[in-house]
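Open the model in your viewer and keep the selection box handy. We will hop from one spot to the next, and each stop says what to pick and what you will find there.

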Amino acid sequence: MKYAFPDNFWWGSASSALQTEGAREGETTWDYWFAREPNRFHNGVGPQHTSTFYQNWKTDIQLLKQLNHNSFRTSISWARLIPDGIGEVNPEAVDFYNQVIDELNEQGITPFITLFHFDMPMAMQELGGWENRDVVDAYARYAQICFELFGDRVLHWFTFNEPIVPVEGGYLYDFHYPNVVDFRRAATVAYHTVLAHAKAVQAYRAGHYAGEIGIVLNLTPSYPRSQNPADVKAAHIADLMFNRSFLDPVLRGEYPADLVALLKSYDQLPACKPEDGFLIAEGKIDLLGVNYYQPRRVKCRDSAVNPQAPFMPEWFFDNYEMPGRKMNPYRGWEIYEPGIYDILVNLRDNYGNPRCFISENGMGVENEQRFIENGQINDHYRIEFIFEHLTWLHKGISEGCNCLGYHMWTFIDNWSWCNAYKNRYGFIQLDLETQMRTIKKSGEWFAATALNNSFEKE
């Protein structure tokens, strides 16, 4: 059977500035944290050890071309462009991003540009990061500068990548700096991120640029253990906190009433200003990027909450390990391909079928050198992973879901936050010692699929 995709479907991959560029200019929270706690990073490898895109952008874009990408998402580093977050623009950064954008366009690869991908300038974090409304204003200025510098050639902008992750990592579960565990502060960070997003959208609309603006959200469908009302309620609350806390503001221009009521009843709401509602309503997007890796399976709690423990999302649910689930053992994540379809159907049925695309989907595997055959990594498991997800994606599109493309994480093995290089995700193998790039079997498979705008299933 042949699975053909719509004309002008976006085939490509995604990456980020901090994880690929190297040659750091302007300290980020990651540079600061690594300097102080290198033990928190796999094998003590920090953000200075990236895939050297800053030096190799031209040859890397040639490799993108070789993989038949017609689009590619990366980010601009706020700390590179404006090292202190609020002051002078770094002309070397402008030159670099101009060269990258121009080369992508020249090669027929449409640039998709994210403004913030976890890399807060340390100077801004010292002011309180997203807890401080002054930082929200500084971000809005940074966004406007990017639009003015590059908006004539970049037609697809994204304000944030996975904005829930710095909330979870930095303010709930201690896997991002500043390693705070405090729900109300987490709620403030999330709320101010939505305000920052809306201000950037406002600036983009005011500039009458030719393109479109959106956001990239990692959506993790919440599946209840059973249809027991207690399990269903637990899944609903998980969905409110981890998906709808960003999905509803950017698509509907308002927060879910039951999320607001829940946080209010526990005195966890962030401080709001009367004019915030109008601003959030103006942050509605043109295009939604969907990052999908794994489902969230939940059940009602089996035990009472310790009233002395910090208020956490887990007051309302427990994680549920479904028997017989398929796992990626290296990342510890469940592989559930129909989730990608369920996300698209939810967007179609409950959010007016917005223009969207899969902006990340991927499989990280440890020690891929085991699979080298004739000098090339035979990552058949990754081909199967993409193949199965694309099959469900195709089903969603055939049923009227407005999905315009599929971007894989990632183009080349890159540095990945605290995991560093533990798991490899790329279409292209990176030799850390020599920086040599070698296309994996999955890269060849993807290149053929993109070229044909289709794939065959026996």
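Begin by selecting R185, which sits in helix α9 of this predicted model. Its relative accessibility is 33%, so R185 counts as partly exposed. Now show what surrounds this side chain: apart from neighbours within four places in sequence, R185 is in contact with E131, Y171 and V180. For a distance across the chain, draw a line from the C-alpha of R185 to the C-alpha of F9: they are 176 residues apart along the chain and separated by 40 Å.

Stay on helix α9 and move to Y204, which belongs to that helix too. Is Y204 buried or exposed? With a relative accessibility of 3%, Y204 counts as buried. Setting aside neighbours within four places in sequence, display its contacts: F147, W157, Y209, A210, G211, E212 and I213. Then add C146 to the selection; Y204 and C146 are 58 residues apart in sequence, with 9.9 Å between their C-alpha atoms.

**The loop before α9**

Next, select the loop between α8 (164-171) and α9, where P178 lies. Look at the peptide bond joining Y177 and P178: this bond is cis, with an omega of about 15°. The loop between α8 and α9 also holds D174. The phi of D174 is positive, near 60°, and D174 is a residue other than glycine. D174 has a relative accessible area of 29%, which makes this residue partly exposed.

**Helix α11 and what covers it**

Now pick helix α11, residues 257-265, and colour L259, L262 and L263, which are buried. Why do these buried residues line one face of the helix? Turn the view until you look down the axis of α11: the buried residues fall within an arc of 90°, so they line one face. On the face turned away from that buried side you will find the exposed residues A257, K264 and S265. To see what lies over the buried residues of α11, show α9 (183-206) and α10 (229-252), which are included in the cover. Step just past the end of α11 and you reach D267, which takes a positive phi of about 55°.

**A glycine in α13**

Select G339, placed in helix α13 (residues 338-350). The relative accessible area of G339 is 0%, so this residue is buried. Not counting residues up to four places away in sequence, G339 touches P221, Y223 and Y292. Add R296 to the view as well: G339 and R296 are 43 residues apart in sequence, and 9.7 Å apart from C-alpha to C-alpha.

**Two stops further along the chain**

Which residues does the cis peptide bond with an omega of about 10° join? Select W409 and T410 to see that bond. T410 is placed in the loop between β17 (403-409) and β18 (423-424).

From there, go to N453, in the loop between α15 (441-452) and β21 (454-456). N453 is not a glycine, yet its phi is positive, at about 55°. With a relative accessible area of 17%, N453 is buried.

**Zooming out**

Finish by clearing the selection and showing the whole protein chain, which has 15 helices and 21 strands. Its radius of gyration is 21 Å, close to the 23 Å that the globule rule gives for 458 residues, so the chain is as compact as a globular protein of that length. If you align the view to the principal axes, the C-alpha trace spans about 60 × 55 × 45 Å.

A few totals go well with this view. Of the 458 residues in the protein chain, 59% count as buried. Among contacts with a separation of 6 or more, 77% are between residues 24 or more positions apart. Switch on the surface: the accessible surface of the protein chain comes to about 18,000 Å², with 50% of this area belonging to carbon and sulfur atoms. Last, colour by charge; the chain has 40 positive and 58 negative charges, and the mean positions of these two groups are 4 Å apart.

Methods: Residues numbered from 1 in each chain as written. Predicted model: local features only at pLDDT ≥ 70, side-chain atom pairs only at ≥ 80, totals over all residues. Heavy atoms only, no water. Buried < 20%, exposed > 50% of the residue type's maximum accessible area, 1.4 Å probe, protein only. Helix = DSSP H or I, 4+ residues; strand = E, 2+ residues; numbered from the N terminus. Arc of directions from axis to C-beta. Contact = heavy atoms within 4.5 Å. Rg over C-alpha atoms; globule rule 2.2 N^0.38 Å. Areas by Shrake-Rupley, 256 points an atom, 1.4 Å probe, with all protein chains shown as cover. Lys, Arg positive; Asp, Glu negative; His and termini not counted. Charge placed at Lys NZ, Arg CZ, Asp CG, Glu CD.
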